[in-house]
Amino acid sequence: MKIVVSVENPGVIDEVAAYSPTFIEIRLDRMEGDLLDQVRAIREKTDIPLIATLRSREEGGRFVGDLDLWVRIIGPIARYVDIVDVEARYRDHAPFIKSQGVQILASLHTNEMPSLPELGRIEEMLRSYGDIPKIVVKPRTREDLFELVMFTHQAQKPICTSIMGAEFRYARAILPLFGSEFTFSHAGTPTAEGQYHIREMRQIADLLK
Ligand SMILES: O=C1C[C@@](O)(C(=O)O)C[C@@H](O)[C@@H]1O
C-alpha cells in the first residue's frame, strides 16, 4: 500500500521521513512564511518523493487567493517536488506546471457523493489535464461507499479515490485494495478528519493482506 503522509510543519520532516512513507505531501496552504524556502529545506532533508498541495478553501483548504496567485506560489516550488496537486479550478496552469518536470495529481474534493456516471465524468475531466486523477467524496450511506469502491475497481489506473469525514474512515484502507493509487495519513498532526496515523495504516494494511 502506497501511503502519503501529509505535513503542515517542515520542522517534523525528519520524524516523518523515519516512517518511510511512499510520499510526503506538503500542505502549503496550512503553512506560513517563505514557502519556497521551506520547500527547498524539505527537499534538502529527504529523498522521499514530495507532493506540493496548495488547497483552495472551496475544496477544504485554506488558500483564498486567485488563479494567478496560486501559480505564482506553486510555480517556483514545482521544480523541488515530484508531484503537484492541481485542482480543476487551476487546470489552466497545468501545462506550465507540467513543463517544470513534475507529475500532476489532478484533484477534485466534494462534500457530495456523485453518482457513478458523474464520477466517470469527473475522472475524464481530471485526466484531460493530469497524470493521476484524485477524487475525494463524501459517502452518506454504505451504498454510496459500495459505489465508490466499484468505481475505483473498474476505473482506468492510476487513479486515487478517497473519502471525507470520519464516518467511513475505514475506506481509506479499503480503497487501495480496489486500485486506489495511494492513501493519505498523518504522522502526528492530521490534515483532514478521519486520517489514520501512518503506523495505524501500516498495521491495518498488514492485517488485510
Ligand atoms: O486530498 C487530500 C486528501 C486529504 O484531504 C485527506 O482526506 O486525507 C488530505 C489532504 O492533505 C490531501 O491533499
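**A helix with one buried face, and two loop residues**

Phenylalanine 178 counts as partly exposed because its relative accessibility is 35%, which lies between the 20% below which a residue is buried and the 50% above which a residue is exposed. The model described here is predicted. Phenylalanine 178 is found in the loop that runs between α7 (171–174) and β8 (183–185). Together with Leu177 and Leu208, Phe178 makes a nonpolar patch of about 260 Å² on the surface.

A second loop, between β3 (50–53) and α3 (67–78), holds glycine 65. With a relative accessible area of 27%, glycine 65 is likewise classed as partly exposed. As a guide to distances in the model, glycine 65 can be paired with proline 133: these residues are 68 residues apart along the chain, and 23 Å separates their C-alpha atoms.

What does the helix α3 look like? Its 12 residues reach 16 Å from the first C-alpha to the last, and this is close to the 16 Å expected at 1.5 Å a residue. Several of its residues are hidden from the surroundings: Trp70, Val71, Ile74, Gly75, Ile77 and Ala78 are buried. Viewed down the axis of α3, these buried residues fall within an arc of 165°, so they line one face of the helix.

And what do the buried residues of α3 pack against? Their partners are two helices, α2 (35–45) and α4 (94–98), along with two strands, β3 and β4 (83–87). β3 thus appears twice in this picture, since the loop with glycine 65 lies between β3 and α3, and β3 also packs against the buried residues of α3.

Methods:
Residues numbered from 1 in each chain as written. Predicted model: local features only at pLDDT ≥ 70, side-chain atom pairs only at ≥ 80, totals over all residues. Heavy atoms only, no water. Patch = residues over 30% accessible without salt bridge, like charges linked within 9 Å, V, L, I, M, F, W, Y side chains within 5 Å. Areas by Shrake-Rupley, 256 points an atom, 1.4 Å probe, with all protein chains shown as cover. Salt bridge = Lys/Arg side-chain N within 4 Å of Asp/Glu carboxyl O. Helix = DSSP H or I, 4+ residues; strand = E, 2+ residues; numbered from the N terminus. Buried < 20%, exposed > 50% of the residue type's maximum accessible area, 1.4 Å probe, protein only. Expected span 1.5 Å × (residues − 1). Arc of directions from axis to C-beta. Contact = heavy atoms within 4.5 Å.
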